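Open the model in your viewer and keep the selection tool at hand. The tour moves from the whole chain to single residues.

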Amino acid sequence: MSARHRIAALAAAVGLGAVLAIAGTGAASAHDALESTDPASGATVSSLSAVTLTFSGDPLGADGATVVQVIGPDKRYYETACPDLNGPAVASPVALGPAGDYEVLWRVVSSDGHPISGSYAFTYAPTGSATAAAGSATPLCGPAAASPPTDVANDPNMQTDSSTLWIGLGIGAVVLIGVGVGAWALARGRKG
Ligand SMILES: [Cu+2]
């Protein structure tokens with residue numbers, strides 16, 4: 001087998017690996033994506049009665065699957081009821097407390113059945129004599145253990161779990177190496 005054949009075999013292996021990697025990426029992107037939030041990420045509001053998240057698909061409304069937690073600068077929880085799922089929109093009523101930065105932690109079950117979650121922050125700057133709500137030491141809905149995923153905080157575009165992508169890329173890489181080594185061994189064997 002000539003060097004040219006060996007290069008061709010290697011090119012085929014690279015192509016196959018790329019196809020598998022892209023297939024993995026495709027599976028990950030089948031999740032619903034968070035399209036918009038109200039208030040928007042990084043926005044400053046002077047009053048707020050609800051946090052609304054709108055997704056690219058309709059999340060599944062299984063029991064306890066939908067969680068929205070609104071955490072104040074004092075680390076207390078300011079959602080006042082469990083979130084309401086209405087088509088692609090998930091809304092949670094809130095009564096905000098002290099002025100400052102609030103973090104919204106959310107989790108829904110994507111329409112493809114996979115749980116997705118994320119967080120983002122907004123700022124509360126009440127005007128006049130707004131009454132600060134007392135909030136709650138524990139979330140009204142969902143697990144108290146839900147801790148902020150700090151690496152994706154403040155970025156609504158980073159809400160999908162990337163494990164499927166990495167698994168796809170990993171499989172692609174392993175197959176690529178395997179096929180490459182096989183092609184090389186075959187080429188060597190034929191030569192000998
Ligand atoms: Cu999915």
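Two strands pair if DSSP finds at least two bridges between them. Helices (H or I, at least four residues) and strands (E, at least two) are DSSP runs, numbered from the N terminus. Residue numbers start from 1 along each chain as its sequence is written. This is a predicted model: local features need pLDDT of at least 70, side-chain atom pairs count only at pLDDT 80 or more, and totals for chains, interfaces and linings use all residues.

**Whole chain**

Colour by confidence. pLDDT is the predictor's confidence in each residue, from 0 to 100. The chain averages 80, and 67% of the residues score at least 70. Now select residues 145-161, where pLDDT is below 50. That stretch still has 33 contacts in the model beyond near neighbours in sequence; a contact means C-beta atoms, placed from the backbone, within 7 Å. Where pLDDT is low, the predicted coordinates should not be read in detail.

Switch to cartoon. The chain holds two helices and eight strands. From the N terminus the order is α-β-β-β-β-β-β-β-β-α. Among contacts with a separation of 6 or more, 73% join residues 24 or more positions apart.

**The mixed sheet**

Select strands 2, 8, 7 and 4. They make an open sheet in the order 2-8-7-4, with mixed pairing. Strand 2 and strand 4 are the edges, each pairing on one side only.

Start at strand 2, residues 44-45. It runs parallel to strand 8 (residues 115-124), and two bridges join them. Which residues of strand 8 partner T44 and V45? T44 bridges to T123, and V45 bridges to Y124.

Next, select strand 7, residues 100-109. Strand 7 pairs with strand 8 in the antiparallel sense over ten bridges. One place to look is R107, which stands opposite S117. Follow the hairpin between these strands: five residues separate them, and G113 there takes a positive phi near 95 degrees.

Stay in this loop and pick H114. Is H114 buried or exposed? H114 counts as partly exposed because it has 18 C-beta neighbours inside 10 Å. The scale is simple: 20 or more other C-beta atoms within 10 Å is buried, 12 or fewer is exposed, and in between is partly exposed, with C-beta atoms placed from the backbone. Now add H31. Its C-alpha atom is 6.9 Å from that of H114, although the two are 83 residues apart along the chain.

**The antiparallel sheet**

Select strands 1, 3, 6 and 5. These four form an open sheet in the order 1-3-6-5, with antiparallel pairing. Strand 1 (34-38) and strand 5 (84-86) are its edges. Zoom in on strand 5 and strand 6 (residues 89-93), which pair over three bridges. One of the bridges joins D84 to A91.

**The core**

Across the chain of 192 residues, 24% count as buried. A nonpolar core is a set of buried Ala, Val, Leu, Ile, Met, Phe, Trp, Tyr and Cys residues joined through C-beta atoms within 7 Å. Show L53, V68, V70, Y102, V104 and W106 as sticks: they have the most contacts inside the largest nonpolar core, which has 21 residues. Strand 3 (50-55), strand 4 (67-71), strand 7 and strand 8 each supply at least two core residues. Strand 7 gives the most, with five.

Finish on Y102. Leaving out residues up to four places away in sequence, Y102 touches V70, I71, G72, L96, A121, F122 and Y124.

Conventions. Two residues are in contact if their C-beta atoms, placed from the backbone, lie within 7 Å.
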